[in-house]
Amino acid sequence: TIFTFVFLRIFGEGIFESPHKIGYGDFSYPSVIQYFIHFPLFYLSLFLGLVIVISLLTSEVIQRVTAVASIGLGLILFVPVIDWSMGKGYLITYPLRLKPFFINFFNPLVSLTEIGVSPGQRIVIGLIGSLIAFYVYRKRRNFLIALLTLIISFGMIFFYGALPTIIALDRPENVYLTGGILETDQQKFAAIYALLFLIALLVYYYRLNESHFKILVKSLRFERMLFYSGIGIFGFILAIRQRGIGFQANFFDLLGLALLVLTLAIGFQAAQVINDFFDVEADRVSRIRNPLLKDIDRNYYSIWGLNLIFLSLCLALIISYPSFLIMVSYLLLSVIYSVPPVRLKRFPLISTFILAIAAILAMGMGYSLIYANRALNTMPKTILIPTILGLTFGFIAKDIQDVVADRENGVITLPGLLYNQSYIRRLPLGLLVGISYLCYIIFIPKVLIGATICSILTILYTVFIKRPKEWFYFLMLYLYGIYLLLILLKA
C-alpha cells in the first residue's frame, strides 16, 4: 500500500503538474534517480518519521500505527488533482526561499507558487497534520498532547520539505547544479533523503522489536564493513593521485564519499545476511553472532537483509551508474560464494579468491568516482595483481576460528587442513597468511620494510597464539593498507 501510493503520486504529479510529462521528462540517468530514488526516499523517510512520532506519543505498537498511517498516506494523491483543478498545475520544487515558506504557508491570501509550493500541497499538508493530531487525541484523550503532535508533525513536514534549501543557505540555485562527485541536482537531493531514510529505518526497526534489533546490532561485522569501506576510499584517493587532479571537497563531495562508505559497508552486511542463512549449522559451533541462532524471527531477518540489499543498491545508484553495476556484481559474488549448489566458500583458495575479487570491486567503486565506467580498466596492474594475490592468501586467516565447525560440516579450508595444536605444524599456515604482504614487494619494492614487518608479525602470531583472533589480522591489514597508501602517494 505504501509503495503504491508513493509511486501513484509520483506518476500523477508528472502528468497533472508542470511540465505535464510522464516521468517528468525524457529518459536519462538523472530522471531515473528522480523517479525511483529521490522522490520515493523523500516520501518513505518522512512517512517513517511521522509513524515513529505517532507511535511514541500514543504508546501504540508501531505495526498498528503503520497500518493506519499507510491508509492516510493516500491523501498525497490529491495534491496534483487539486492543483490541476485550480488551473493547469504548478511547478513543484523544494521552497526556493525559506522566509516566505515558513511565514506564509498557512496564509491563504499569499501565493507561494513562485517559490515552488502549490495550493494542493498546502491543503493536503494541513489536512494530514490535523488528522494526525486527531488520531493522537482519540488515543490519548489529551488536548495538550494532540496539540504537541500537531506542532511536531508540521515541524517535521516543513523540515523535510525545506531541508535542501536550508543546506544551501537559502540559495539552492547556487549549490545543486555545481557538479562534483554527486554531479546532478537529483543525485544531491537523493543523497540527502537516503541518509534520512537510513536513520528512520534503523529507528523504525528498533521500535518494531527492541530485542531483535539489539541482536542485529551485535551481529554486525564491523571489522569487515570497515575493510570494504576503507578499500573503497583507498581506491578513490589512488584515482585522484593517478589522474593528477586536486580535490577541494565541498559539502556534497563529502556526502558522496559518505555514501561510498555506507554503500560498501551495507553491501557487505547484506552479503553476510545471505551467508548467515546457509551457515547456521557451522555457526552453532564457532560463530554465535549469527542472529538465526538467537531465536530471531526468520522473516524479520529476511526483511532486514532485503532492506540492506535495497539500500546498498540505492546508495550505489545515487553515486553513479557504474557504482550501481559494481554493487550488483558484488552482491552476485556473495550469492555464488554462500548459496548452494555452487557455494564456492567450500573450496580452499577459490573461496578467498572470490573475496579478493570483491575487494577489487570495492576499490573499483572508489575509482569510479573519478574514472566513471573506465574505473576497473584504469586501476594499475601494480596494485591490481598483488592485491588479488595478497588477499587470496591473507583471507585464509578468516577461517582459523572456524576450524572445528568447518571440519564437522565438510567445508574444506586451508586452516582446516593445516591448523594444529603444535607450533611447528602451524608454521605452514602462518607462512601462507604472512606471504600475503610480501606479494607487493615484487611490484612496489619501496614497501619492503613495511611488508616484511607485517609478514613476520602475522607469522609469529599465527604460530605462537593457540587461539588466534580475526581482529588481529584485520588490524594488520588496516595498518598495512595505510602504510601502502602513504608509500604510493609519495611515489
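Mentor: A helix in this discussion is a DSSP run of H or I with at least four residues, and helices are numbered from the N terminus. The model is predicted. With that convention, Pro341 can be placed in the loop between helix H14 (321-338) and helix H15 (350-371).

Trainee: How should backbone geometry be read, and what is the peptide bond from Pro340 to Pro341?

Mentor: As a general rule, most residues other than glycine have a negative phi, and most peptide bonds are trans. The bond joining Pro340 to Pro341 is cis, its omega being near 5 degrees.

Trainee: Which residue has a positive phi although it is not a glycine?

Mentor: That residue is Arg141, whose phi is positive at about 55 degrees. Arg141 belongs to the loop between helix H6 (119-140) and H7.

Trainee: How is the packing of two helices described?

Mentor: Two values serve: the angle between the axes of the packed helices and the distance between those axes. Helix H21 (residues 448-464) packs with helix H22 (residues 470-490) at about 175 degrees, and their axes are 10 Å apart. Angles over 145 degrees count as roughly antiparallel, so H21 is roughly antiparallel to H22.

Trainee: Which residues of H21 and H22 meet?

Mentor: On the H21 side they are Ile449, Gly450, Ala451, Cys454, Leu457, Thr458, Tyr461 and Thr462; on the H22 side, Phe472, Tyr473, Met476, Tyr480 and Tyr483. By class, this contact has 10 nonpolar, three polar and no charged residues.

Trainee: At what angle do H3 and H8 pack?

Mentor: Helix H3 (residues 62-72) and helix H8 (residues 185-208) pack at about 125 degrees, with 9 Å between their axes. H3 and H8 are therefore oblique to each other. Ile62, Gln63 and Thr66 of H3 meet Tyr204, Arg207 and Leu208 of H8. The classes in the contact of H3 with H8 are three nonpolar, two polar and one charged.

Trainee: Turning to the surface, which residues make the nonpolar patch?

Mentor: Tyr137, Phe143, Leu144, Leu147 and Ile151 make a nonpolar surface patch of about 530 Å². Helix H7 (residues 143-167) supplies the largest share of the patch, four residues. Ile151 is found in H7.

Trainee: How many salt bridges does the structure hold?

Mentor: The structure holds seven. Among them is the pair Arg9 and Glu13, with the closest N and O atoms 2.9 Å apart. Both Arg9 and Glu13 lie in helix H1 (residues 2-16), four residues apart, or about one turn of the helix.

Definitions and conventions: Residues numbered from 1 in each chain as written. Predicted model: local features only at pLDDT ≥ 70, side-chain atom pairs only at ≥ 80, totals over all residues. Heavy atoms only, no water. Axes fitted to C-alpha atoms, helices over the stretch in contact; angles between N-to-C directions. Helix = DSSP H or I, 4+ residues; strand = E, 2+ residues; numbered from the N terminus. Parallel < 35°, antiparallel > 145°, perpendicular 65-115°, else oblique. Contact = heavy atoms within 4.5 Å. Nonpolar A, V, L, I, M, F, W, Y, C, P; charged D, E, K, R; others polar. Patch = residues over 30% accessible without salt bridge, like charges linked within 9 Å, V, L, I, M, F, W, Y side chains within 5 Å. Areas by Shrake-Rupley, 256 points an atom, 1.4 Å probe, with all protein chains shown as cover. Salt bridge = Lys/Arg side-chain N within 4 Å of Asp/Glu carboxyl O.
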